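I opened my notebook to get to know a new structure, one entry at a time. Come along and look things up with me.

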Amino acid sequence: MEPTTTTEPVTAAEAAAMLLALEAARAPGVPQGPNPRVGCTILSPGGTVVAVGHHRGAGTPHAEVDALDRVGDAAHGATAVVTLEPCDHTGRTGPCTEALLRAGVARVVYALPDPNPVAAGGARRLREAGVDVVAGPHQDEARDVNRGWLFGLTHDRPLVTWKTATTLDGRVAARDGSSQWITSAVARRDGQRLRRECDAVMVGTGTALRDDPSLTVRDAEDRPAPREHQPLRVVVGSRGVPQGAHLRDGRAELVQVTGDLIDGLASLHDRGIRHVLLEGGPTLAASMLRAGLVDEVVAYIAPALLGTGPGAVGDLGIGSIDSILRLHDAAVAVLGEGPELTVRVTATLPHQPTTQR
């Protein structure tokens, strides 16, 4: 693996170009999945931005090729600023190293070394061919863009984010089961942002049968996004989902996971799923937590009280305060104001290695 520190200083133009490349990598509408999200900016020899490209999913041109195609011969002597080390292997597309060399690029600045052993080695290959290669700035931002992809490489399962919405006293529904809506419209829009960042949305059969959710990504006008931009719908449990359920409306693919949770997540990883948003009820949440399969929590807390009704999570097997499960790296944000106010708490769980298949 290439070093993560800069081997030599970058110019102000290159640092700014990396921010453009990161913005391109985050482009909306790009399918999530087994490939990393990558952006690339091409700078002229004088430091002017001449093209910005990004990868659009498996089987499409990589970010470097997308950017190079926009400039043609003008890439000769240019600098390519990329959010991920250029790949040096042939998969569904050719090596980016060869594309950069054919174009005559003189310098490459990349943010994050490629940890994938299949694709790594691009920086070395380019250096050997005489290209000036620098491990450059904004490495933390580049990691954040590909959190799920990076997690999957080392854990062989998707990153799992548990999202919950509760009252101030920790209730996710009233005594009669009604829960729409505990939190504000502002919080629900933020929840939609979370869905857009994930490959799959997961619930248990209890939630699927009781609430009849759609689990779709929707826009500000509450219209569902096109099917190709929808996360996979995942239902955990053995009870069947009725034919007339919203989950069977064809707006997104539906899969059902039965049996062992670890095997279920591994099977999702095998399908190319790298980030799962867990939106299930207290029973599934407790099962996932007890199995050590939740990696982070996003909790929306409304300034409201119910006094009774189901709590956010079921029995975790904790009998004493000495065994309390404390979360790490907590961050708090206030969404909206007045009657729309909701507090969002984001935190990570201590990593617990999961049993291999």
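**Entry 1: C40 and the cores**

I began at C40 and listed its contacts, skipping neighbours within four places in sequence: A21, A51, V52, G53, A63, E64, A67, A80, V81 and V82. A reminder to myself: this is a predicted model.

Next I looked up the largest nonpolar core, which has 37 residues. C40 is among those with the most contacts inside that core, along with I42, L68, A80, L100 and V108. Which strand gives the largest share of this core? I found that β4 does, with five residues. I then noted a second, separate core of 27 residues, and W162, A200, V255 and A312 are among its members. A general thought for the margin: nonpolar side chains tend to be buried together in soluble globular proteins.

**Entry 2: β4 and its partner**

Since β4 had come up, I followed this strand, which covers residues 107-112. Strand β4 pairs with β5, residues 132-135, in the parallel sense, and I counted four bridges. One pair to look for is V109 with its bridge partner V134 in β5. To get from β4 to β5 the chain passes through helix α4, residues 122-128, and this β-α-β crossover is right-handed.

**Entry 3: the eight-stranded sheet**

I then traced an open sheet of eight strands with mixed pairing. I wrote down the order as β9-β8-β7-β10-β6-β11-β13-β12. Why is one side of β9 and of β12 left without a neighbour in the sheet? Both β9 (254-257) and β12 (328-335) stand at the edges with a single partner strand each, so one side of each has no neighbour there. From one strand to the next, the twist averages 20 degrees.

Helix α9, residues 261-270, packs on this sheet and touches β6, β7, β8, β9 and β10. I also looked up its direction, which makes about 165 degrees with that of β8. Within the sheet, β7 (residues 200-204) and β10 (residues 275-278) run parallel and are joined by three bridges. A200 has V276 as its bridge partner in β10, and I had already met A200 in the second core.

**Entry 4: backbone oddities**

Where is there a cis peptide bond? I found one joining Q180 and W181, with omega at about 0 degrees. W181 lies in the loop between β6 and α7.

Then I checked two residues with positive phi. L215 has a phi of about 60 degrees although it is not a glycine. L215 sits in the loop between α8 and β8. Is L215 buried or exposed? Its relative accessible area is 2%, so I entered L215 as buried.

D329 is not a glycine either, and its phi is near 55 degrees. This residue belongs to strand β12, one of the two edge strands. At 66% relative accessibility, I entered D329 as exposed.

**Entry 5: P350**

My last stop was P350, in the segment after β13. Its relative accessible area is 27%, so P350 is partly exposed. Which residues does P350 touch, leaving out those up to four places away in sequence? I wrote down L325, R326 and H328. For L325 I looked up the separation too: P350 is 25 residues away in sequence and 8.7 Å away in space, C-alpha to C-alpha.

How values were computed: Residues are numbered from 1 along each chain as its sequence is written. This is a predicted model: local features need pLDDT of at least 70, side-chain atom pairs count only at pLDDT 80 or more; totals for chains, interfaces and linings use all residues. Side-chain values use heavy atoms; hydrogens and water are left out. Two strands pair if DSSP finds at least two bridges between them. A crossover is right-handed if, with the strands pointing away from the viewer, the path from the first strand over the helix to the second runs clockwise. Axes are lines fitted to C-alpha atoms, for helices over the stretch in contact, and angles run from 0 to 180 degrees between N-to-C directions. Contact means heavy atoms within 4.5 Å. Buried means under 20% relative accessible area, exposed over 50%, partly exposed in between (1.4 Å probe, protein chains only). A nonpolar core is a set of buried Ala, Val, Leu, Ile, Met, Phe, Trp, Tyr and Cys residues joined through side-chain atoms within 4.5 Å.
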